[in-house]
Amino acid sequence: MGGVPVGPGALATVVSTIFGLLVDPPGPVTVGPESRFPVRALVAPDRRSLSGYLARSLVFAPFPAAWGPGLGVHLSSWSVALVAAYRMDRAGVRGPAETLLRRLTYRSAPS
């Protein structure tokens, strides 16, 4: 008998929903400096999505590769990007790619 196992995914969905409700019960949906750690840490990469994408794609690509230092087993590029985004969020800093994009987009037109 073949097929796609659905049970583990459904169980993970239920467990993560329960965990989310226990950590941050429903209420006003605001994410800011007063938010609890898990919520703020998971929202921070979304606010810096371009920087996170570029970091994971370009900077962290050598880590798990055979031609790189081979740290793929010990180092998760997503977790490193999550920690970096959370620290930037705590410092009130935008991501470097977002800052560059805003400078290029909103600069004044040549006269």
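**Valine 59 and the surface patch**

I started with valine 59, which I found in helix H3 (helices are DSSP runs of H or I with at least four residues, strands are runs of E with at least two, and both are numbered from the N terminus). This is a predicted model, so I kept local features to pLDDT of at least 70 and side-chain atom pairs to pLDDT 80 or more, while totals for chains, interfaces and linings use all residues. Residues are numbered from 1 along each chain as its sequence is written, and side-chain values use heavy atoms, with hydrogens and water left out.

Is valine 59 buried or exposed? I have it as exposed, because its relative accessibility is 52% (buried means under 20% relative accessible area, exposed over 50%, partly exposed in between, with a 1.4 Å probe and protein chains only).

I then looked for company on the surface, and Val59 turned up in a nonpolar patch with Leu50, Tyr53, Leu54, Leu58 and Leu101. Together they have about 570 Å² of accessible area (Shrake-Rupley method, 1.4 Å probe, and for residues only the protein chains shown count as cover). For the record, patch residues have over 30% relative accessible area and no salt bridge; like charges are joined within 9 Å, and nonpolar side chains (Val, Leu, Ile, Met, Phe, Trp, Tyr) within 5 Å. Which helix gives the most to this patch? That is H3, residues 49-59, with five residues.

**The whole chain**

I stepped back to count elements, and the protein has five helices and zero strands. Along the sequence the pattern reads α-α-α-α-α. Of its 111 residues, 17% count as buried. The protein exposes about 8600 Å², and 67% of that comes from carbon and sulfur atoms.

I also checked how far apart in sequence the contacts reach (contact means heavy atoms within 4.5 Å). Among contacts with a separation of 6 or more, 54% are between residues 24 or more positions apart.

**Helix H2**

Next I went through H2, residues 37-47, and noted Arg40, Ala41, Ala44 and Pro45 as buried. Where do they sit around the helix? Seen down the axis, they fall within an arc of 135°, so they line one face of H2 (the arc is that of the directions from the helix axis to the C-beta atoms). A reminder to myself: an α-helix has 3.6 residues a turn, so residues three or four places apart point the same way.

From Ala41 I looked across to arginine 87, which is in helix H4. The two are 46 residues apart in sequence, yet 8.8 Å apart in space, C-alpha to C-alpha. Arginine 87 itself is exposed, with a relative accessible area of 62%.

**Salt bridges**

How many salt bridges does the whole structure hold? I found two (a side-chain nitrogen of Lys or Arg within 4 Å of a carboxyl oxygen of Asp or Glu).

One joins the side chains of aspartate 89 and arginine 47 at 3.3 Å, N to O. This pair links distant parts of the chain, since aspartate 89 is in helix H4 (residues 77-91) and arginine 47 in H2, 42 residues apart. Arginine 47 is partly exposed at 42% relative accessibility, whereas aspartate 89 is buried at 10%.

Arginine 48 meets aspartate 89 in a salt bridge too, at 3.6 Å, N to O. Arginine 48 lies in the loop between H2 and H3 and aspartate 89 in H4, so this pair ties together parts 41 residues apart in sequence. Arginine 48 is buried, with a relative accessible area of 6%. With partners shared, Arg47, Arg48 and Asp89 form one network.

**Valine 93 and serine 51**

I followed Arg48 to valine 93, in the loop between H4 and helix H5 (96-106). Valine 93 and arginine 48 are 45 residues apart in sequence and 9.7 Å apart in space, C-alpha to C-alpha. Leaving aside neighbours within four places, valine 93 is in contact with Arg48 and Met88. Valine 93 is partly exposed, at 40%.

My last stop was serine 51, back in helix H3. Serine 51 is buried, with a relative accessible area of 10%. What does its side chain make a polar contact with? The partner is the side chain of glutamate 98, at 2.5 Å (a pair of N or O atoms within 3.5 Å; within protein, one must be able to donate a hydrogen and the other to accept it, and residues adjacent in sequence count only if both atoms are side-chain atoms). Beyond its neighbours within four places, serine 51 is in contact with Gly95, Pro96, Ala97 and Glu98.
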